[in-house]
Amino acid sequence: LFRSYVYQERHNLASKNTNCNGKSNVTELQSKLRLAFLCHVSLLLLSSFLYFYVTVSTTSHRCCLWVLYMRPIWFFMGLSSVLLGMVGALLPLLPTVPFMILGAYCFARSSQRMHDWLLNHRLFGPAIADWQRSGAISKSAKYAATVSVAAVFSLSLIMGLRPMLIGIQAVTLCGVMCFIWTRPHH
């Protein structure tokens, strides 16, 4: 980018020697080149600064300001995921375990205490541990998911929804069922 700018300015300088004000284009070109050089150097410094912080944040969590700013965001996302998972335990249409897994992921980046609480929870802990260990879903959870998906799809048929909506729902639910039943189980 810098080289193309220099080439363009040299070409403009060769086509005319002075501008409308009578000033020499050489000094104008020099000031533009200095400005372009300073922009180029500042972009290099900014990119190396960002690279340093990204590298530090992935290798050492304690010394990076980025992690300190992100911890409350991860904590809020984990808390909202756990709350949605608890609501999903009461509502048949909202899944529970995926939100709890997402909550564990977020808490692992924000609060070790909440992460440990979630992994040691009597109801949600075993499913999260199975998923983290080997991507497994228990057979009872697979059967419960299949029954709830069948119930929701049957309810949609009974309600007489438009065929296009039924088709979209059928394709989506078949994809979900394929995903669930292809996971290993213990």
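**Exercise 1. Helix 6 and its inner face**

Task: In this predicted model, find which residues of helix 6 are buried and which helices they pack against.

Solution:
- Start with the burial list: Gly-125, Ile-128 and Asp-130 are the buried residues of helix 6.
- Next, look at what sits across from them. These buried residues pack against helix 4 and against helix 5, which spans 112-119.
- Finally, step just past the end of helix 6, where Gly-135 adopts a positive phi of about 70°.

**Exercise 2. The overall fold**

Task: Work out how many helices and strands the protein chain has, and what share of its residues counts as buried.

Solution:
- Count the elements: there are 8 helices and 0 strands.
- Written in sequence order, that gives α-α-α-α-α-α-α-α.
- Now burial: the chain has 186 residues, and 25% of them count as buried.
- Turn to the outside. The chain exposes about 13600 Å², with 70% of that coming from carbon and sulfur atoms.
- Last, check contact range. Taking contacts between residues at least 6 apart in sequence, 51% link residues at least 24 apart.

**Exercise 3. The largest pocket**

Task: Describe the largest pocket: what is its volume, which residues lie nearest its centre, and which helix gives the most to its lining?

Solution:
- Volume first: about 900 Å³.
- The lining is made up of 31 residues, and those nearest the centre are Pro-95, Thr-96, Val-97, Pro-98 and Ala-145.
- Sort the lining by element. Two or more residues come from each of helix 3 (65-90), helix 4 (97-108), helix 6 (125-134), helix 7 (139-159) and helix 8 (163-182).
- Helix 7 tops that list, giving 8 residues.
- Now the chemistry: the lining splits into 24 nonpolar, 5 polar and 2 charged residues.

**Exercise 4. Gln-169 meets Ser-156**

Task: Gln-169 and Ser-156 are in contact. Place each one in its helix and decide whether each is buried or exposed.

Solution:
- Gln-169 belongs to helix 8, while Ser-156 belongs to helix 7.
- Apply the cut-off for buried, under 20% relative accessible area. Gln-169 comes in at 18%, so it is buried.
- Ser-156 has just 7%, so it is buried too.
- List the partners, skipping neighbours within four places in sequence. For Gln-169 they are Val-152, Phe-153 and Ser-156.
- On the same terms, Ser-156 touches Leu-161, Ile-166 and Gln-169, so the pair shows up from both ends.

**Exercise 5. Ala-108 in helix 4**

Task: Classify the exposure of Ala-108, then say how far its C-alpha atom is from that of Phe-75.

Solution:
- Ala-108 is part of helix 4.
- Its relative accessible area is 39%, so Ala-108 is partly exposed; that class runs between the 20% and 50% cut-offs.
- For the distance, Phe-75 is 33 residues away along the chain, and the two C-alpha atoms are 9.1 Å apart.

**Exercise 6. Cysteines without bridges**

Task: How many disulfides does the structure hold, and why is Cys-178 not bonded to Cys-174?

Solution:
- Recall the chemistry: a disulfide covalently joins the sulfur atoms of two cysteines.
- Tally for this structure: 0 disulfides.
- Test Cys-178. The closest cysteine sulfur belongs to Cys-174, at 6.5 Å, which is too far for a bond; the cut-off is 2.5 Å.
- One more cysteine to look at: Cys-106 has a relative accessible area of 0%, so it is buried.

Technical notes: Residues numbered from 1 in each chain as written. Predicted model: local features only at pLDDT ≥ 70, side-chain atom pairs only at ≥ 80, totals over all residues. Heavy atoms only, no water. Buried < 20%, exposed > 50% of the residue type's maximum accessible area, 1.4 Å probe, protein only. 1 Å grid on protein atoms, 1.4 Å probe; cavity = no way out; pocket = protein on both sides within 12 Å on 5 of 7 lines; lining within 4 Å. Points joined across faces, edges and corners; volume = space filled by probe spheres on them. Helix = DSSP H or I, 4+ residues; strand = E, 2+ residues; numbered from the N terminus. Nonpolar A, V, L, I, M, F, W, Y, C, P; charged D, E, K, R; others polar. Contact = heavy atoms within 4.5 Å. Areas by Shrake-Rupley, 256 points an atom, 1.4 Å probe, with all protein chains shown as cover.
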